[in-house]
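Reader: I'd like a close look at a single part of this one: the charged pairs. Could you walk me through them and then show me what surrounds them?

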Amino acid sequence: MAHFGFPIETIIIFFTVIGFSVFIDLFAHRHAKEISVRDASLWSCFWIGLALAFYGYLWLRFEKNWADLYLAGYALEKSLSIDNLIVFMAIFASFGIKGVLQHRILYWGIIGALVFRAIFVAVGTGLFALAPWVGFIFAAIVAWSGWKMLTSGGDNEEITDYSEHWSVKITARLMPVFPRLYAEHFFVNRATVADLAKSDPTLKLAKNAAIFATPAFLCLMAIETSDVMFAFDSVPAVIAVTQEPLLVYAAMIFAVLGLRSLYFVLAAMTKYLVHLEKAVIALLFFIAAKLTLQSGEHVFGWDFLHISPNVSLLIVLGTLAAGVIASFIWPAKEEKAE
């Protein structure tokens with residue numbers, strides 16, 4: 001198959017859609033209010049529909065194979081993001097952040113993800129193109145992620161207190177911190193802090209400064225750093241599906257754009273989709289095997305097994321569907337109170 005490259009028309013359409021989507025998302029949620037599961041579900045449908053519309057464009061404008069590669073990457077990234085969203089839940093719980101402030105933090109977290117994903121995709125696809133043996137390293141990273149999820153057994157008792165995360169400690173060293181949430185602000189100025197200190201004598205600050213960071217900003221730093229670490233797993237996984245930089249980036253960004261709405265849906269559905277994590281683990285091991293085969297084909301000339309884009313797409317979608325169906329057939333057993 002020839003390289004997809006960077007068609008100017010596709011680049012213009014892609015970034016126009018992304019820019020417009022970010023704008024309407026910000027405009028639609030400009031008024032602070034609690035996000036209901038219904039609203040989150042409707043927005044999730046919108047983002048999925050947008051991703052499928054881009055799939056239709058690739059199919060009609062180019063070839064079905066390119067469209068299938070993009071869709072397989074999108075479905076894979078969407079499924080891998082579930083584990084990341086569970087980490088987000090733990091981070092919000094550590095900082096005691098709820099409701100609309102979660103929505104605001106996730107918005108800016110996703111803006112950061114757009115930038116970091118571009119960097120990781122450029123580096124990852126570039127390395128794979130220059131040295132195909134790098135795929136073995138990518139396969140090891142993906143397999144290790146799957147092994148960590150498998151051995152953890154979904155034990156929630158080991159959830160870290162993210163208020164003590166290394167990113168939070170570094171931020172606290174670089175700038176003074178106001179120890180309490182203040183509305184939805186990431187920062188508060190000296191005058192505001194002075195007024196609050198007068199009304200509450202128990203409020204103690206380590207030092208005086210013009211600007212203070214609030215726990216909301218510290219939470220955002222923890223969200224951003226966890227997303228960067230997540231990208232180390234997800235970028236190699238999507239590269240296993242296709243090494244075309246534009247398709248990889250498009251698949252990841254369309255998946256990321258829907259993360260904020262998916263978070264609120266998942267928060268309500270997590271107790272029902274009990275076997276979905278097992279499906280994600282299975283996908284990680286499949287992707288590690290696929291990366292190994294691809295690298296072996298380039299480096300050692302292996303030709304005994306080739307997994308086509310259509311087969312990859314069917315395996316990704318079928319595994320996810322199996323996880324969802326299994327969750328409803330064999331739901332979690334409710335623990336009886338003593």
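**Salt bridges and their surroundings**

Author: The count comes to 4 salt bridges in this predicted model.

Let's start with Arg-61 and Glu-9, whose side chains meet in a salt bridge at 3.1 Å, N to O. Arg-61 belongs to helix 2 (residues 37-61) and Glu-9 to helix 1 (residues 8-28), so this pair ties together parts that are 52 residues apart in sequence. How covered are the two ends? Arg-61 is partly exposed, with 44% relative accessible area, and Glu-9 is partly exposed too, at 32%.

Next comes Lys-64 with Asp-68, a salt bridge whose closest N and O atoms are 2.7 Å apart. This one stays within helix 3: Lys-64 and Asp-68 are 4 residues apart there, so about one helical turn separates them. Their surroundings don't match, though. Lys-64 counts as partly exposed at 35% relative accessibility, whereas Asp-68 counts as buried, because its value is 1% and buried means under 20%.

Then there's the pair I'd spend time on. The side chains of Asp-227 and Arg-117 form a salt bridge at 2.8 Å, N to O. Asp-227 sits in helix 8 (residues 215-241) and Arg-117 in helix 4 (residues 100-130), and the pair links distant parts of the chain, 110 residues apart. Both Asp-227 and Arg-117 are buried. They aren't on their own, either: salt bridges that share partners join Glu-77, Arg-117 and Asp-227 into one network.

Now for what surrounds all this. As a general point, nonpolar side chains in soluble globular proteins tend to be buried together. Here, the largest nonpolar core has 100 residues, and the members that touch the most others are Tyr-70, Phe-92, Phe-95, Ile-105, Phe-254 and Ile-287. Helix 3 (residues 64-95) supplies the largest share of this core, 17 residues. That's the helix that also holds the Lys-64 and Asp-68 pair.

If you want one core residue to zoom in on, try Phe-254. Leaving aside its neighbours within four places in sequence, Phe-254 is in contact with Phe-14, Val-17, Ile-18, Leu-50, Ala-51, Phe-54, Tyr-70 and Tyr-74. Tyr-70, on that contact list, is itself among the core members with the most partners. There's also a second, separate core of 6 residues, including Val-188, Val-193, Leu-203 and Phe-212.

Stepping back to the whole chain, the secondary structure comes to 12 helices and 2 strands. From the N terminus on, the elements run α-α-α-α-α-α-β-α-β-α-α-α-α-α. Of the 338 residues, 48% count as buried. Among contacts between residues at least 6 apart in sequence, 85% join residues at least 24 apart; the Asp-227 and Arg-117 link, at 110 residues, is a nice one to picture alongside that figure. On the outside, the chain exposes about 17300 Å², and carbon and sulfur atoms supply 67% of it.

And the cysteines, in case you were about to ask? The structure holds 0 disulfides. Cys-45 counts as exposed, at 53% relative accessibility, whereas Cys-219 is buried, with a relative accessible area of 0%.

Notes:
Residues numbered from 1 in each chain as written. Predicted model: local features only at pLDDT ≥ 70, side-chain atom pairs only at ≥ 80, totals over all residues. Heavy atoms only, no water. Disulfide = S-S within 2.5 Å. Buried < 20%, exposed > 50% of the residue type's maximum accessible area, 1.4 Å probe, protein only. Contact = heavy atoms within 4.5 Å. Areas by Shrake-Rupley, 256 points an atom, 1.4 Å probe, with all protein chains shown as cover. Core = buried A, V, L, I, M, F, W, Y, C linked by side-chain atoms within 4.5 Å.
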